Amino acid sequence: MRTSCVERGKMMTRKTSSKTGKCTQRPGFLIAGSIIFASGFALGLSALAVNVNLPEQNMVSSNALQPGEATQQTQADSQTALQSPNASEVAADIGDDVLTAARATVGDFNSDGHPDYVVRNTSTLQTAIWYLNNNVFISGALGPSIRVGWSLDGVADFNRDVHPDYALFNPGTDQTAIWYMSGPTRIATAYGPTLPDGWELTTTADFSGDGFPDYVLFNATTDQTAIWYLNNNVYVSGGYGPTLPVNWSLVGVADFDGEGHQDYVLFNVSNHQTAIWYLSGRTFIRGAYGPTIPSGWALVATADFNSDGHPDYLLYNPASRQTAIWYLNNNVYVSAAFGPTLPAGWSLVGP
Ligand SMILES: [Ca+2]
Ligand SMILES: [Ca+2]
Ligand SMILES: [Ca+2]
Ligand SMILES: [Ca+2]
């Protein structure tokens with residue numbers, strides 16, 4: 001069997017003989033640790049979609065409607081986010097922070113071609129949309145509140161009415177739900193398929209090219225990924241994707257090399273390296289490192305903020321609540337800019 005291991009900063013595949021138990025290693029450049037193809041896709045499925053009302057809270061917090069005062073801070077205060085860091089400097093910072101994998105959700109809620117932030121109130125669980133022009137805050141609007149026990153894991157247009165919708169997951173019941181939105185307003189809800197035990201909803205993206213977003217699932221025990229193809233909120237079929245190496249987490253999905261297939265963006269929370277895993281459908285083709293993220297910051301999403309056709313990194317500093325965009329050409333760092341800083345009590349990431 002194959003598992004993955006990371007030694008001396010290099011990713012390797014480890015092949016363990018079932019007879020001898022001997023572990024032979026060969027260095028590789030982000031070789032997919034354990035690509036297992038489903039001969040019989042064994043994930044259990046309860047795909048009955050039932051339309052239900054999922055009541056929301058109606059707490060209102062007006063401070064979500066504009067950035068925090070830290071937006072005025074000078075660039076020199078947080079210069080690190082503006083530069084692609086020296087990898088050796090970053091390596092020295094390993095362990096300085098306690099960031100765990102966290103993801104943000106972005107989508108174009110006002111159909112102006114620019115991705116917008118979904119920000120979350122950490123106490124009321126209310127969401128708000130922050131409309132951006134590239135990295136510049138334009139305005140904010142309050143959205144629905146996530147219910148306790150649920151997490152907002154994806155933003156995509158499930159019913160293909162041009163408006164991005166919320167994809168929610170309840171790790172207690174393994175249920176998923178879609179909140180259909182019109183701009184920042186929730187207009188309808190439906191359950192999606194219920195996930196098998198041990199699997200979680202990571203993000204959403206169209207893997208089959210039919211225009212309907214699909215679920216990207218992750219199993220934290222096996223580090224395996226899977227794609228569930230959907231028609232709106234209805235399960236169509238599913239299959240395994242590549243298995244992630246230890247310490248790496250799937251942050252987002254986008255077509256980084258522009259060949260028409262979605263690719264994985266991975267973030268290593270222990271050494272802050274990033275990597276792109278180029279896929280063909282669900283099949284791992286090759287991997288490449290992206291820029292390494294400075295200590296204190298996390299890679300939380302990917303989207304094309306400057307509309308040049310290349311997906312960019314969205315970075316977040318949970319201590320300062322500052323955001324930053326790293327503009328990429330494929331996996332190569334090009335430039336950076338700060339985005340708006342969130343007000344106290346609000347976050348760019350989970351639940
Ligand atoms: Ca927009
Ligand atoms: Ca929609
Ligand atoms: Ca691609
Ligand atoms: Ca871009």
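# Briefing: two four-stranded sheets in a predicted chain

Strand 16 and strand 17 run antiparallel and are joined by 6 bridges. The model is predicted, and the chain has a mean pLDDT of 80, with 72% of its residues at 70 or more. Its secondary structure amounts to 24 strands and 1 helix. The points below cover the sheet that holds strands 16 and 17, the nonpolar core, a second sheet, one tyrosine, and the parts of low confidence.

**The sheet of strands 16 to 19**

- Strands 16, 17, 18 and 19 make up an open sheet in the order 16-17-18-19, and their pairing is antiparallel.
- At the edges are strand 16, covering 248-254, and strand 19, covering 283-290, each of which pairs on one side only.
- From one strand to the next, the twist averages 25 degrees.
- Where strand 16 meets strand 17, Ala254 has Asp263 as its bridge partner.
- Strand 17 (residues 263-268) is also joined to strand 18 (residues 274-280), by 4 bridges, and these two strands run antiparallel.
- Two residues show how strands 17 and 18 line up: Tyr264 is opposite Trp277, and Val265 is opposite Ile276.
- Strands 17 and 18 form a hairpin with 5 residues between them, and in its turn His272 has a positive phi of about 65 degrees.

**Burial of strand 17**

- Strand 17 is largely enclosed by the rest of the structure, because 6 of its 6 residues are buried.
- In a regular strand, side chains alternate between the two faces of the sheet.
- On one side of strand 17 are Asp263, Val265 and Phe267, and on the other are Tyr264, Leu266 and Asn268; all are buried, so both faces are covered.

**Core and overall packing**

- The chain has 351 residues, of which 46% count as buried.
- Nonpolar side chains tend to be buried together in soluble globular proteins.
- In this model the largest nonpolar core contains 85 residues, and those with the most contacts inside it are Leu266, Val300, Leu314 and Leu315.
- Leu266 belongs to strand 17, on the side that also carries Tyr264 and Asn268.
- Leu314, beyond its neighbours within four places in sequence, is in contact with Ala104, Val106, Val300, Ala301, Thr302, Ala303, Thr323 and Ile325.
- Of the contacts between residues at least 6 apart in sequence, 46% join residues at least 24 apart.

**The sheet of strands 12 to 15**

- Another open sheet has 4 strands in the order 12-13-14-15, again with antiparallel pairing.
- Strand 12 and strand 15 (234-243) are at the edges with a single partner strand each, so one side of each has no neighbour in the sheet.
- The twist in this sheet averages 25 degrees from one strand to the next.
- Strand 12 (residues 199-205) is mostly covered, with 5 of its 7 residues buried.
- Strand 12 runs antiparallel to strand 13 (residues 214-219) and is joined to it by 6 bridges; in this pairing Leu201 has Leu217 as its bridge partner.
- Strand 13 is joined to strand 14 by 5 bridges, also antiparallel, and Phe218 stands opposite Thr225 of strand 14.

**Tyr229**

- Tyr229 is part of strand 14, which spans residues 224-231.
- Tyr229 has 19 other C-beta atoms within 10 Å, and since a residue needs 20 or more to count as buried, Tyr229 is classed as partly exposed.
- Outside its neighbours within four places in sequence, the contacts of Tyr229 are Phe207, Ser208, Asp214, Val236, Ser237 and Gly238.
- Asp206 is 23 residues from Tyr229 in sequence, and the two are 8.1 Å apart from C-alpha to C-alpha.

**Where confidence is low**

- Over residues 1-61 the pLDDT stays under 50, and the model gives this stretch 111 contacts beyond four places in sequence.
- Residues 69-99 also have pLDDT below 50, with 43 contacts in the model beyond near neighbours in sequence.
- Predicted coordinates should not be read in detail where pLDDT is low.

Methods: Residues are numbered from 1 along each chain as its sequence is written. Chains are lettered from A and ligands numbered from 1 in the order in which they are written. Two strands pair if DSSP finds at least two bridges between them. Axes are lines fitted to C-alpha atoms, for helices over the stretch in contact, and angles run from 0 to 180 degrees between N-to-C directions. A nonpolar core is a set of buried Ala, Val, Leu, Ile, Met, Phe, Trp, Tyr and Cys residues joined through C-beta atoms within 7 Å. A residue is buried if 20 or more other C-beta atoms lie within 10 Å of its own, exposed if 12 or fewer, and partly exposed in between; C-beta atoms are placed from the backbone. Two residues are in contact if their C-beta atoms, placed from the backbone, lie within 7 Å. pLDDT is the predictor's confidence in each residue, from 0 to 100.
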